[in-house]
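Dear colleague,

I am passing on the structure we spoke about, and I would be grateful if you could look it over before reading my notes.

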Amino acid sequence: QISICWLRRDLRLHDHAALYHALKDKQPVLLLFIFDTKILDRLGQKDDPRISFIHRTLETIHQELGSLGSSLLVKYGKPEKIWAEVLEEYEVKKVFTNKDYEPYARERDELLAEYLRSENIPFETFKDQVLFENKEILKEDQKPYTVFTPYFKRWRQKLDPFYLKAYPVKKYLKNLVQIEKLPFPSLKEIGFQKSDYSFPNINFEHKLSGYEQRRDFPADDATTHIGLHLRFGTLSIRHAAKTAIQQGAEKWLSELAWRDFYMMILWHFPHTAHSAFKPAYNRIRWRNNETEFEAWCKGTTGYPIVDAGMKQLNQTGYMHNRVRMIVASFLTKHLLIDWKWGEAYFAEKLLDYDMASNIGGWQWACGCGNDAAPYFRVFNPELQAKKFDPENRYIHQWAPEYKEKKHAQPIVEHAFARERVLKVFKEALNET
Ligand code: FAD
């Protein structure tokens, strides 16, 4: 008789809510990971770096568990089928997992909960991925916040040491099930290839002191690049927030709050996964010109900061936040291309892709989200570049063609594009 702790986006053996609770319970614990074909089959590239990252991380966990006399059970397939198999193979008494707030994950977990109920197996789920979830931060009228500033005020007030305490998993690791090492599939066996991307370091502490001053200047690379580690849980959010508080890095801490905020918004308003938070914006008549979209994807728009950003994304799977805002505004407003196209392209390319933050970021840039800037704010990419990359260091690093005097003409003229988008948005919002 065993308990199962199912790992998903929490790939670590320390400060882990579900694992802690599982180990403290009565039965020995077996850890499980499922390569979910419903997710994998949607990925376009066989060398998707995120799959390499997950695989590499699981390999380390597999080894660590091996050295503790236990192992990791790795499966490949549709979760409902895999769970039926697991219950056949093992005498499972209880299942533990950390909550995942994305619409697909919620549906998947509800199905599992139902199935386990029919088998009389308790299913326990925990908050682990965020500091505050769903209904923990509500307005006085018990409704969710939809504007960040007041949400953050409440979030910050509530964030006392209790919420930052690490789960002391190590003390209980002796309660892992003791078994022979289980087979570990190669990337090839799950239909993928190794990516040659390099992954960002997990150390972020040294970046916090200069963050507030330099974070908006992409050439300085003054942000932490820990998005990937938070996405897959190789870094605990509690540890990140605790370190920020110890170092007095309040600005950076507020960025972690944005992450909670968007996760909470997606949970309360799951329709935002595929349509605008503000419904009137679903009426916008996008131009959706495919040639222009391709130019944007490739970084050949003739706007140096936009092209540099897209090239950084295409080459590294990362783009600086300020530049994400500029390219997203450019796509939706200058080119009048549906934010969902851009959102999908980012989803394919970003190492730190996270549905809630990506949708939040895109809807913010387009003006159709919650807490949005007015639609008539249209970033001028040249002025943005002057302000945030005054010496063209970022531009020349990623788009060296702009070192030359002669280069591509802008795909669209700024003043013209500005007039055009204002007209189209006004029409959609019935403000003519
Ligand atoms: P740092 O500045 O060092 O911040 C630390 C962490 O705080 C980040 O890793 C992230 O987890 C969180 N964070 C920071 N800014 C934000 C923010 N605005 N919203 C939510 N969380 C934030 N972030 C993602 O994690 N995944 C995405 O898919 C994503 N897509 C975006 C799309 C657009 C159009 C925009 C404008 C922003 C998007 N962001 C996304 C938010 C932000 O750009 C990234 O989190 C940040 O650039 C990651 O770099 P970093 O780890 O160096 O960040």
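Below is what was found, beginning with how the model should be read.

This is a predicted model, in which local features need pLDDT of at least 70 and side-chain atom pairs count only at pLDDT 80 or more, while totals for chains, interfaces and linings use all residues. Residues are numbered from 1 along each chain as its sequence is written.

On the ligand: the shell around the ligand has 27 residues, of which Thr 223, Thr 224, Gly 227, Asn 358 and Gly 361 come nearest (a residue is near a molecule if its C-beta atom, placed from the backbone, lies within 6 Å of it). Two or more residues come from each of α8 (227-232), α10 (250-268), α13 (321-334) and α15 (355-366), and α15 gives the most, with six (helices are DSSP runs of H or I, at least four residues, and strands of E, at least two, numbered from the N terminus). Because domain 2 (130-165 + 208-268) and domain 3 (273-426) both give residues to this shell, the ligand lies between them; the domain bounds come from an automatic or database domain assignment.

On the N-terminal part: UniProt, in an unreviewed entry, places the feature "domain: Photolyase/cryptochrome alpha/beta" at residues 1-131 (its positions are given in the numbering used here, feature names are shortened, and annotations may be inferred rather than shown by experiment). Over residues 1-131 the chain is 44% helix and 24% strand, and the end C-alpha atoms are 33 Å apart.

With best wishes
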